[in-house]
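Hi everyone, thanks for making time for this. I'd like to walk you through one structure, so let me put it on the screen.

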Amino acid sequence: MYTGCNMRQLGFTLLEMTVVLAIMGILASAAIGAYLASQQKGRDAQRKSDLSQIQRAMEAYVSDHGLYPAAIGSRIAGCGAPNYDGACGWGAEFRDKNGTIYMKQLPKDPSGQQIYVYLASTDRKQYQLFALLENKNDPAIATYSYICDTSSNPCNYGTSSSNATSAEVLE
């Protein structure tokens, strides 16, 4: 006869399963949050690197010509055969009228939703470059009035020629 005293539990109770699922949900949320934050930081690092590469191209250009390239809108002038004085799209080749290539491909923002902004003074002796960083905790973040994305968000990261600052308004 079976008395039930020696019965072994062969499964999990609903409460145990609920606790395990809740713990797994918490861990998944933390992992997804950390993953998304690392993705933002990676794109921001790419933006900073892109602006640094553009700076090196600008210094090579000024070394050859004595002046920085003009700005057309928020882009660099140096595209479009035969004169190479049209606005360069981000992702296009940047060269001068003599055929010297300064960048085979100007970098594009890694998100595809944002643009870089290039400004040059009217005398072309100074320039500024701007981007929009996603990580709002980045110590390099500042506030600028230039628009860097399709949603009208202002740029928050800038760099410039050595004789200018990102904060000043170029004349």
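Let's begin with lysine 108, which touches Asp50, Trp90, Gly91 and Tyr116, leaving aside residues up to four places away in sequence. Before I go further, please keep in mind that this is a predicted model. Lysine 108 sits in the loop between strand 5 (101-103) and strand 6 (117-120). Despite those contacts, lysine 108 is exposed, at a relative accessible area of 52%. If you like distances, its C-alpha is 21 Å from that of aspartate 138, and the two are 30 residues apart in sequence.

Now look one residue along, at aspartate 109, because here the picture changes: aspartate 109 is buried, with a relative accessible area of 7%. Which residue does aspartate 109 form a salt bridge with? The partner is arginine 47, and the closest N and O atoms are 2.6 Å apart. Aspartate 109 belongs to the loop between strand 5 and strand 6 while arginine 47 belongs to helix 1, so this pair ties together parts that are 62 residues apart in sequence.

Arginine 47 has further partners. The side chain of glutamate 134 meets arginine 47 in a salt bridge at 3.1 Å, N to O. Glutamate 134 comes from the loop between strand 7 and strand 8 (157-160), so its bridge to arginine 47 in helix 1 ties together parts 87 residues apart in sequence. Aspartate 44 also forms a salt bridge with arginine 47, at 2.8 Å, N to O. Those two are 3 residues apart in helix 1, which means they are separated by about one helical turn.

Is arginine 47 buried or exposed? With 0% relative accessibility, arginine 47 counts as buried. Aspartate 44 is buried as well, at 2%, and so is glutamate 134. Taken together, Arg43, Asp44, Arg47, Asp109 and Glu134 are linked in a network of salt bridges. For context, a search of the whole structure finds 7 salt bridges.

Let's move to the nonpolar side of things. As general background, nonpolar side chains in soluble globular proteins tend to be buried together. Here, the largest nonpolar core has 22 residues, and Ile54, Met58, Ile76, Trp90, Phe94, Leu106 and Tyr118 have the most contacts inside it. Helix 1, strand 2 (75-79), strand 5 and strand 7 (127-131) each supply at least two residues of this core. Helix 1 gives the largest share, 6 residues. Another core, of 9 residues, lies apart from this one and includes Tyr144, Cys148, Cys155 and Leu170.

Some nonpolar residues are on the surface, though. Leu15, Val19, Ile23 and Leu27 form a nonpolar patch there, with about 410 Å² of accessible area together. Leucine 15, found in helix 1 (residues 14-65), counts as exposed at 64% relative accessibility.

Last stop, the strands. An open sheet is formed by 3 strands in the order 1-2-3, with antiparallel pairing. Its edges are strand 1 (71-72) and strand 3 (86-87), each pairing on one side only. Strand 1 is joined to strand 2 by 2 bridges, and isoleucine 72 has arginine 75 as its bridge partner in strand 2.

Elsewhere, strand 6 and strand 7 run antiparallel, joined by 4 bridges. Leucine 119 has glutamine 128 in strand 7 as its bridge partner. This hairpin has 6 residues between the strands, and arginine 124 takes a positive phi near 60°.

That's my tour, and I'm happy to take questions.

Technical notes. Residues numbered from 1 in each chain as written. Predicted model: local features only at pLDDT ≥ 70, side-chain atom pairs only at ≥ 80, totals over all residues. Heavy atoms only, no water. Buried < 20%, exposed > 50% of the residue type's maximum accessible area, 1.4 Å probe, protein only. Contact = heavy atoms within 4.5 Å. Patch = residues over 30% accessible without salt bridge, like charges linked within 9 Å, V, L, I, M, F, W, Y side chains within 5 Å. Areas by Shrake-Rupley, 256 points an atom, 1.4 Å probe, with all protein chains shown as cover. Salt bridge = Lys/Arg side-chain N within 4 Å of Asp/Glu carboxyl O. Core = buried A, V, L, I, M, F, W, Y, C linked by side-chain atoms within 4.5 Å. Pairing = 2+ DSSP bridges.
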